[in-house]
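Visitor: I am new to protein structures and would like a friendly tour. Could you take my questions one at a time?

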Amino acid sequence: DRLVGHKIRERVGGRLRFCISGGAPLAPPVMEFFFAVGIPVIEGYGLTETSPVICLNPLGREKPASVGPPIPGVEVRIADGEILTRGPHVMRGYFKNETATRAALEDGWFHTGDVGHLDAENYLFITDRLKDLLVTAGGKKIAPQPLEAKLKTSKWVSEAVLLGDRRPYVVALLVPNFANLEAEAKARGWMPTAPVELIERPEVRSLYQSVIDGINADLAQFEKVKQFALLERELSQEAGELTPTLKVKRRVIMEKYASIIERLYASQAGAAA
């Protein structure tokens, strides 16, 4: 604490009691690190339409990977996997858009569009966005975000996008952590090290295959990532690929990288033949 924790706390003013995290999932190891240095990070959940808080982890009774129980006065229930909420925090409706309002509100319950579950202590766990669920050609449902989050825990992966809706299997587009990859390339003498050439090297492909194999080991057969491609640049808001809260726009990615995605499915089909 004297060498690390104290210095970090001083850099943020020295009087910080806790922080609240929302907008995107917070990886449990990141949360645990901040707790270890004496800066509790409390994860919560809500939407603009819910003013905006629905759930919040109570200080001292946090559950990593959950967003906590509903705050006082707020109801939450799960219907067909979707998170619904009701209470004084819910909006009256969308401005001059009755169609959207009727779709979102039913008997006072707001349909969040998020998928999740409540545990025995009423703590909410969010697993994905309803619209992001992948339904394979075989009818199997896969929540891509937890798998993408696992991939991004690797030092080699900056961003991951899983695809496979109405397809026979799951594929992944990976954005390398170019700083780490280029440092490794220099250390091993892999030349040239320009991103577009580096990602084509067999050694680099093998490195990322090991990352894929690592998450596949714990997955059901229908969830396993069968093919992957490495992208030569970071995804960005400017290119329309990320939202302002840095969430991946899956449909935009599917359109922009359609040719790469088709090659992934064609290569697997050719291998099977």
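Guide: Gladly! This is a predicted model, and a good first stop is Arg-166, which is exposed because its relative accessible area is 69%.

Visitor: Where does Arg-166 lie, and what is its phi?
Guide: Arg-166 belongs to the loop between β11 and β12. It is a residue other than glycine, and yet its phi is positive. The value is near 60 degrees.

Visitor: Which loop holds Asp-107, and is this residue buried or exposed?
Guide: Asp-107 also has a positive phi, about 55 degrees, although it is not a glycine. Its place is in the loop between β6 (105-106) and β7. A residue counts as exposed when its relative accessible area is over 50%. Asp-107 has 69%, so the answer is exposed.

Visitor: In what order do the three strands of the open sheet come?
Guide: The edge strands are β11 (157-163) and β13 (225-230), each of which pairs on one side only. Six bridges join β11 to β12 (residues 170-176), and these two strands run antiparallel. Across the sheet the pairing is mixed, and the order is β11-β12-β13.

Visitor: Which residue in β12 stands opposite Leu-162?
Guide: Look at β12, which is joined to β11 by six bridges. There, the residue opposite Leu-162 is Ala-172.

Visitor: Which helix packs on the sheet?
Guide: Look for a helix that touches β11, β12 and β13. Its direction makes about 145 degrees with that of β13. It spans residues 202-216, and its name is α7.

Visitor: How many residues are in the largest nonpolar core?
Guide: In soluble globular proteins, nonpolar side chains tend to be buried together. Here, the elements that give two or more residues to the largest core include β11, β12, α7 and β13. Among the residues with the most contacts inside it are Leu-151, Leu-162 and Tyr-208. The count for this core is 44 residues.

Visitor: Which residues is Leu-151 in contact with, leaving aside its neighbours within four places in sequence?
Guide: Leu-151 is one of the residues with the most contacts inside the largest core. Leaving aside those neighbours, its partners are Val-157, Ala-160, Leu-162, Leu-174, Val-211, Ile-212 and Ile-215.

Visitor: How many residues are in the second, separate core?
Guide: Some of its members are easy to look up: it includes Val-76, Met-91, Ala-104 and Leu-124. The count for this second core is 14 residues.

Visitor: How many salt bridges does the structure hold?
Guide: Side chains of opposite charge can pair when their charged atoms come close. One example is Glu-203 with Arg-201, at 3.0 Å from N to O. Glu-203 is partly exposed, with a relative accessible area of 31%. The structure's total is 14 salt bridges.

Visitor: Which residues are linked with Lys-63 in a network of salt bridges?
Guide: The side chains of Lys-63 and Glu-121 meet at 2.6 Å, N to O. They link distant parts of the chain, 58 residues apart. Glu-121 counts as exposed, at 53% relative accessibility. The network links Lys-63 with Asp-119 and Glu-121.

Visitor: How many residues apart in sequence are the parts tied together by Arg-250 and Asp-132?
Guide: Their side chains meet in a salt bridge of 3.6 Å, N to O. Both Arg-250 and Asp-132 are buried. Arg-250 lies in helix α8 (residues 250-256) and Asp-132 in the loop between β8 and β9 (134-135), so the parts they tie together are apart in sequence by 118 residues.

Visitor: Which residues does the cis peptide bond with omega of about -10 degrees join?
Guide: One partner is found in the loop between β2 (41-45) and β3. That partner is Pro-52. The cis peptide bond joins Ser-51 and Pro-52.

Visitor: Why is Cys-55 in no bond with Cys-19, and how many disulfides are there?
Guide: A disulfide is a covalent bond between the sulfur atoms of two cysteines. The sulfur of Cys-55 is 20 Å from the closest cysteine sulfur, in Cys-19, and that is too far for a bond. Cys-55 counts as buried at 0% relative accessibility, whereas Cys-19 is partly exposed at 27%. With sulfur atoms within 2.5 Å as the rule, the number of disulfides is zero.

Key. Residues numbered from 1 in each chain as written. Predicted model: local features only at pLDDT ≥ 70, side-chain atom pairs only at ≥ 80, totals over all residues. Heavy atoms only, no water. Pairing = 2+ DSSP bridges. Helix = DSSP H or I, 4+ residues; strand = E, 2+ residues; numbered from the N terminus. Contact = heavy atoms within 4.5 Å. Axes fitted to C-alpha atoms, helices over the stretch in contact; angles between N-to-C directions. Salt bridge = Lys/Arg side-chain N within 4 Å of Asp/Glu carboxyl O. Buried < 20%, exposed > 50% of the residue type's maximum accessible area, 1.4 Å probe, protein only. Core = buried A, V, L, I, M, F, W, Y, C linked by side-chain atoms within 4.5 Å.
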